[in-house]
Each structure stands twice: as structure tokens, then as C-alpha cells.
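Me: Please take a close look at one part of this structure, the surroundings of the ligand, and then set that part in the context of the rest of the chain.

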Amino acid sequence: MAVDSMHLREMEPEDGSEVAELIYASINAWYGLRGLGQPFQGSPKVTEIFHEVYSATGSSRCVVAENARTGRLMGSCFYHPRKTHVGLGIMTVHPNYFGFGAGSRLLEYICRFTDGNGYKALRLTQSALNLDSFSLYNRYGFVPRQAYQDMLLQVPESGLDHEVPGLDRIRDATLDDVPAMAALEMEVSGVSREEDYRLCIGNDLGFWSVSVCEGSGGNLEGFLASSSHPAFNMLGPGVIRTEEQAAALIHTELDRHRGRTPVFLVPVDRYGLVRQMYDWGARNCELHFCQVRGRFQPYQGINMPTFVLETA
Ligand SMILES: CC(C)(COP(=O)(O)OP(=O)(O)OC[C@H]1O[C@@H](n2cnc3c(N)ncnc32)[C@H](O)[C@@H]1OP(=O)(O)O)[C@@H](O)C(=O)NCCC(=O)NCCS
């Protein structure tokens, strides 16, 4: 039987709870069907956070695929126009409609937006375990540029107590750091997104924290945010020059999550850092790719992406 037709439109504020339900159902069904557990726990209230965070950036948008017959949503995809590029995520199709072309239609829409507005790159973070999304993005011209291992670390209630060089160079970020953070990310990753850093440091949503690492001259050498929200208890975004500085920032941000088990993405080719995380007790739980359609500058340092404020 032919699937119902769909029409695409921009998300309206009143779609918020339905988009949250869609994200919850889609991701949990995809992982659940493969015996990989259910990433979101509780109720679709936890996934309302995507809309809340992206609304707070002031520039993010979301396209939805509406069932022309029922008016219900078949899929949605957030996208984030930034100074240097467009970020994409989170993309979800309702499990009733997997494989019927909704994902392709949503992606086409965002590619058209990107190209039509003169952006040179569309970027996202994609699970390397997910051949469906890999194939979808790959067919539209995305190329994997960096692999990450997702590491989980159980932080004791009493905190972490490893000997880590450079901890004395870490401090809390302030809004005055934002221009230097943007300049560092431009140098290391070739992208810029000041609005994301302002959101994390301003912390109006109440679950972000951000640390920075200073060089001997007081210059900014790295930064790392983390989120304690139950739908994404994770470290990132972060941009750091060296592995030693990355370890000090990771240690500092992990220590803010006592009694919890945050996840963080480490570039697979930074084996010294990976090894150190194993020594601290970290375990791998998934793999992700930085995927880019269009212009890409190889990283000149360490990039640690997140799934919300996603840019890889
Ligand atoms: C990933 C997801 C969004 C795909 O959406 P979808 O509507 O099912 O995908 P589509 O039906 O548009 O198919 C995608 C394309 O990939 C192609 N494809 C699928 N599997 C493929 C494979 N193994 N090799 C090559 N191409 C493949 C399809 O043929 C289709 O291309 P076509 O339209 O040119 O024929 C959907 O499965 C989903 O919501 N999954 C759960 C949430 C998720 O994983 N989100 C992504 C987060 S990174």
C-alpha cells in the first residue's frame, strides 16, 4: 500500500511536544529494534530539551514532514545556520515511516537551504553504528572526516583524583572568553559559532558548565563545556590544542558530574588521550563520525563534539 503523502514546512512553536515525541519514539525504536537499549528514558518530556536548547540559540530552525492526510508529523530535522556553515541535527523519522523517503525529503530541504544561502558547508555528527543514517547522508554528499569513540566514565561520588598535569591552568569560562573561544575554534576546526558558547556560559537553562585552559601567557588554549541534562549527560562542545590540555579539561568537567556517568567523544586518532581515558576507567559505548558536505579544513587540534549544539 502506498504511504501517505507528506508536505514539508518549518516547525511552529505549537509543534514542540509532537517533535519531542517524534525524537523519543524514533531514536528509542531504532536502537531498541537492534537490541542496543533505549537512549532516552522516562517520557518524551526529556526530549523537549532539543527544542528548548535550539530555541535558546536564537538562530536554529527545524523542518517537519507533515502527513498530508492526518496532519501528524512523520519526521523532523533541526538545522542551525551559523557564521561559517550550517549544522544539522537531530534528524528523526517516525518508526511507522522508516524507509519511505521522509528522511531524504527533509535532507533535500536543508541541502537546498544551505546551497541557496551561499553556505560552503553542512556539518553533522553521525553514529557510525547507524547504516541507515550513514547511507542517507552519504547519498547526499556527506563525507566522514573524523571518527570519534564515545567513552563513558563513571565518576565516583567522591570525585576524581588522578594526577593530571595542567589542572592549575583550568578555570571557569566567562562571557569575556567568547571572542577567544571563537578564534580558537576557527583556527583549529575552521568553524565559528559564538552563539553556542554564549548559551553554554550564560547557562540560563541551568545544566551547562564551561571550563577554559590558559597558556602561560594567559592566552586561551582550549575550552570544554558539559551538560548535566538527563537526556544528554555529556561533555562538549570542546576545542583544545593539545592532548595534555584536553586531559586536564576533561578531568575538570567530569568532576562536575559526581555520581553520574557522562559520555564524551574522543577523536580516535588521539591515541595518547584515548589511552589515558582507559587508564581512568573509561569504556567505549559507540562510535561517531564528523560528516561534512562541502568545504572541510582538517583539524589543527582536538575537537570534542556533542549531540545537542552538534557541530562536529
Ligand atoms: C535515519 C533515518 C532518519 C532515515 O530516514 P528514512 O525516512 O527512513 O530514510 P529514507 O527512506 O529517506 O532513505 C534514505 C536513503 O538511504 C538509502 N539507503 C538506505 N539503506 C541503504 C544502504 N544500506 N546502502 C545504500 N543506500 C541506502 C535509501 O535507498 C534512501 O535513498 P533513496 O531515497 O535515494 O532511495 C531514519 O531511519 C530514522 O529516523 N532513524 C532513527 C533516528 C536516527 O537514526 N537519526 C539519525 C541520527 S544521526
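Reply: In this predicted model, the C-alpha centres of domain 1 and domain 2 are 27 Å apart. Domain 1 covers residues 6-119, while domain 2 is made up of 149-287 together with 299-304. Contact between them involves 14 residues of domain 1 and 11 residues of domain 2. On the domain 1 side of this contact, 5 residues are nonpolar, 6 are polar and 3 are charged.

The ligand itself is surrounded by 22 residues, of which Trp-30, Val-93, Gly-103, Ser-104 and Ser-135 are the closest. Two or more residues of this shell come from each of helix H1 (16-33), strand S4 (86-93), helix H3 (102-116), strand S5 (121-127) and helix H4 (131-139). Helix H4 makes the greatest contribution, with 6 residues. Sorted by class, the shell around the ligand holds 11 polar, 9 nonpolar and 2 charged residues.

Another part of the chain that merits description is helix H6, which spans residues 194-202. Its buried residues are Asp-196, Tyr-197, Leu-199, Cys-200 and Ile-201. The packing partners of these buried residues include two helices, H2 (48-57) and H5 (178-189). Strands S8 (208-214), S9 (220-229) and S10 (232-240) also pack against the buried residues of H6. After H6 comes Asn-203, which has a positive phi, near 50°.

Note on methods:
Residues are numbered from 1 along each chain as its sequence is written. This is a predicted model: local features need pLDDT of at least 70, side-chain atom pairs count only at pLDDT 80 or more; totals for chains, interfaces and linings use all residues. A residue is near a molecule or strand if its C-beta atom, placed from the backbone, lies within 6 Å of it. Helices (H or I, at least four residues) and strands (E, at least two) are DSSP runs, numbered from the N terminus. Ala, Val, Leu, Ile, Met, Phe, Trp, Tyr, Cys and Pro count as nonpolar, Asp, Glu, Lys and Arg as charged, and the others, Gly among them, as polar. A residue is buried if 20 or more other C-beta atoms lie within 10 Å of its own, exposed if 12 or fewer, and partly exposed in between; C-beta atoms are placed from the backbone. Two residues are in contact if their C-beta atoms, placed from the backbone, lie within 7 Å. Domain bounds come from an automatic or database domain assignment.
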